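Hi,

Here's the structure I promised to pass on. Have a look around it first, then read my notes below.

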Amino acid sequence: MVTIATGWTRVLLTVLVLVSGLLAAGEALAHASLIRASPVDGSVVATAPPAFSLTFSEPTSPLSLKLVRPDGSTVALDRFTLRDATVEIPAPAGLGDGTYVLSWRVVSEDGHPIGGSAVFSIGAPSAGGSKAALEAIDVPVRGAIWLGKLVTYAGLFLGVGGAFFVSLAGGEARSRRFCAGWILAGFVAVPLSLGFQGLDALGLPIGSILQPVVWKTGFGTSLGTLACLALAALIAAFAALSTGGVVARLLSIVALALTGVALASSGHASAAYPGWLTRPAVFLHGVGIAFWAGALFPLGLALASPEAAQALRRFSKLAPWFVLPLVGAGLLLALVQVRVPEALWTTNYGLVLLAKLALLIPLFGLALFNRLRLTEPAGKGDAWAIAHLRRSIAAELLLVVVIFAVAALWRFTPPPRALAGAAAAPAAIHIHAAQAMADLEIAPGRAGVASATISVMTGDFGPLDAQSVTLVLSNPDAGIEAIRREAKKPGDGTWRIDDLTLPVAGRWHARIDILVSDFELVKLEDVIEIRP
């Protein structure tokens with residue numbers, strides 16, 4: 001292959017800078033988001049709560065739950081109940097006054113782990129009690145995850161895709177060695193990725209990679225399914241390279257299909273709603289990439305052989321059946337994940353997508369130029385066209401690898417659809433007193449215009465026919481005095497307030513005044529977290 005101009009070196013350096021920045025990003029880049037915790041982070045409750053709860057923007061599976069006591073000792077919280085996107089945890093008995101830290105680590109539906117802590121106090125804060133330090137970002141683990149994903153992409157797309165093209169169009173020994181090399185690299189990267197996933201899920205350093213629990217945890221996520229299917233695809237592709245004829249073609253088709261199924265089994269794109277649409281789209285996108293990327297190296301070598309015309313004809317004949325679904329599925333997935341144009345430049349996911357698009361433009365430009373200007377004369381043996389086509393294919397191959405590197409960054413970026421779902425989720429609290437109790441829900445639970453719904457009951461969960469209900473909200477830290485709104489009763493048993501404006505995010509003090517009778521007024525108070 002020819003040497004690529006130094007301009008491509010600048011592209012690689014830009015990608016490395018982008019990689020470094022996103023690998024060092026904090027937990028805000030996780031895919032599921034904590035919507036609310038009970039007790040509320042930073043709150044002070046009068047008595048020990050009977051249970052804790054964590055509500056996320058999508059269903060999760062707990063990996064580690066623990067409670068740090070005021071004296072620094074840690075209690076493992078082994079019992080929990082999953083209710084849709086909420087994790088309910090019974091509180092340990094005998095919790096005294098002081099500051100506690102509820103620490104959690106969960107894995108979301110798309111296989112990405114996240115962690116965090118909620119700090120609350122019983123009675124009064126402990127002397128010197130403060131919010132737990134944020135979890136340190138383990139750059140070596142994140143770098144290993146990114147590299148494992150990059151090599152996995154190369155193994156599936158260059159190795160499996162290359163085996164498919166070689167089996168159908170033929171290829172010399174160097175093409176087979178090239179494909180076999182990337183397949184073997186995939187054999188190493190796919191299992192290692194499970195270990196890296198386990199480290200990230202448990203929050204352990206890279207030195208803990210040999211612990212059995214790390215591998216068990218990694219395999220227990222959705223990445224375990226992807227790894228099994230990817231290894232099956234790699235085995236089938238390697239077998240195809242080792243045989244010939246009809247058997248090789250059948251094995252290569254199976255390997256290509258398994259590649260698409262593997263990619264559709266895990267990841268944020270596959271987890272997007274509706275699954276009946278996004279999973280087939282991921283399948284078509286993955287199969288299309290494997291065909292195009294895998295064909296480049298064998299096709300470039302074939303141009304220097306007597307089989308050049310035959311290889312070009314077969315590639316040109318097959319390309320529309322793979323590239324058109326690839327483009328259509330890619331556009332569909334981008335629309336599902338991004339949703340609104342401004343998310344392209346206001347979210348990390350959008351910035352990665354823009355970087356990928358910036359690389360796709362010259363890639364498609366080269367492909368179009370090759371098809372319209374070089375393919376026909378090269379097929380007729382024109383030496384000038386063949387030389388330029390080989391250079392162009394070399395540039396395409398380099399661009400493809402850089403695109404793999406950029407796409408691997410999506411492992412660390414939440415799609416805008418997930419951020420939008422988290423932002424639209426309501427903020428809610430439950431306030432319980434001896435005389436009465438109330439459930440307050442503010443939707444959406446973020447700064448701006450919202451509506452509030454209040455359900456009131458007696459202290460023993462009986463019906464409460466209040467004469468009026470008033471919501472009083474204030475945010476002293478932001479200098480906002482009491483905002484008082486009287487609720488209306490629409491007839492469904494709840495009280496409602498529309499056109500409620502909360503100008504800033506943060507911890508708001510909420511008070512619900514319940515007029516039970518002309519002579520009895522119950523006031524319930526707590527803190528509610530409003531997101532940006």
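What share of the 532 residues in the protein is buried? Buried residues make up 50% of them. Keep in mind as you read that this is a predicted model.

**The overall picture**

The protein has 13 helices and 17 strands. If you draw a box around its C-alpha atoms along the principal axes, you get roughly 100 × 45 × 40 Å.

**Helices that pack**

Let's start with helix 12, residues 383-407, and helix 11, residues 348-379. Their axes are 9 Å apart and make an angle of about 160 degrees. Angles over 145 degrees count as roughly antiparallel, so helix 11 and helix 12 are roughly antiparallel to each other. Their crossing is left-handed. What kinds of residues make up the contact of helix 11 with helix 12? By class, there are 21 nonpolar, 3 polar and 2 charged residues in it.

Helix 12 also packs with helix 2, which covers residues 139-169. Here the angle is about 135 degrees, and the axes are 8 Å apart. That angle makes helix 2 oblique to helix 12. The crossing of helix 2 and helix 12 is right-handed, whereas the one between helix 11 and helix 12 is left-handed.

**A helix with a buried side**

Now find helix 4, residues 212-220. Which of its residues are buried? They are Val214, Thr217 and Gly218. These three cover an arc of only 100 degrees around the axis, so they sit on the same side of helix 4. Turn to the face pointing away from that buried side and you'll meet the exposed residues Pro212, Lys216 and Gly220.

**An open sheet**

Next up is an open sheet of 5 strands. Going across it, the strand order is 2-9-8-4-5, and the pairing is mixed. As background, strands of a sheet pair through backbone hydrogen bonds, either parallel or antiparallel. Which strands are at the edges? They are strand 2 (43-45) and strand 5 (74-76), and each of them pairs on one side only. On average, neighbouring strands of this sheet are turned by 30 degrees against each other, ignoring direction.

Try following one pair inside this sheet: strand 4 (residues 60-68) and strand 8 (residues 98-108) run antiparallel and are joined by 8 bridges. To find your place, look for Pro62, whose bridge partner in strand 8 is Val106.

**Two hairpins in a row**

Further along the chain, strand 10 (residues 427-432) pairs with strand 11 in the antiparallel sense, over 6 bridges. A hairpin of 3 residues links strand 10 to strand 11. Ile431 is a handy marker here, as its bridge partner in strand 11 is Ala438.

Strand 11 then goes on to strand 12 through another hairpin, with 4 residues joining them. Strand 11 and strand 12 run antiparallel too, joined by 8 bridges. This time you can look for Leu440, which has Ile454 in strand 12 as its bridge partner.

**Backbone oddities**

Most residues other than glycine have a negative phi, and most peptide bonds are trans. A few spots here go the other way, so it's worth clicking on them.

Where are the cis bonds I found? One is the peptide bond from Ser38 to Pro39, with omega near 0 degrees. Pro39 is in the loop between strand 1 (34-38) and strand 2. Another is the bond from Ala443 to Pro444, where omega is near -10 degrees. Pro444 belongs to the loop between strand 11 (436-443) and strand 12 (448-458), which brings you back to the hairpin between those two strands.

As for phi, Arg339 is not a glycine, yet its phi is positive, at about 70 degrees. You'll find Arg339 in the loop between helix 9 (308-338) and helix 10 (343-346). Is Arg339 buried or exposed? Its relative accessible area is 54%, so Arg339 is exposed.

Asp499 also has a positive phi without being a glycine, near 55 degrees. Asp499, though, lies in a strand, namely strand 15 (residues 495-502). With 61% relative accessibility, Asp499 counts as exposed.

That's the tour. Happy exploring!

Cheers

Definitions and conventions:
Residues are numbered from 1 along each chain as its sequence is written. This is a predicted model: local features need pLDDT of at least 70, side-chain atom pairs count only at pLDDT 80 or more; totals for chains, interfaces and linings use all residues. Side-chain values use heavy atoms; hydrogens and water are left out. Axes are lines fitted to C-alpha atoms, for helices over the stretch in contact, and angles run from 0 to 180 degrees between N-to-C directions. Angles under 35 degrees count as roughly parallel, over 145 as roughly antiparallel, 65 to 115 as roughly perpendicular and the rest as oblique. A crossing is left-handed if the near helix is turned anticlockwise from the far one by less than a right angle, and right-handed if clockwise. Ala, Val, Leu, Ile, Met, Phe, Trp, Tyr, Cys and Pro count as nonpolar, Asp, Glu, Lys and Arg as charged, and the others, Gly among them, as polar. Two strands pair if DSSP finds at least two bridges between them. Buried means under 20% relative accessible area, exposed over 50%, partly exposed in between (1.4 Å probe, protein chains only). The arc is that of the directions from the helix axis to the C-beta atoms.
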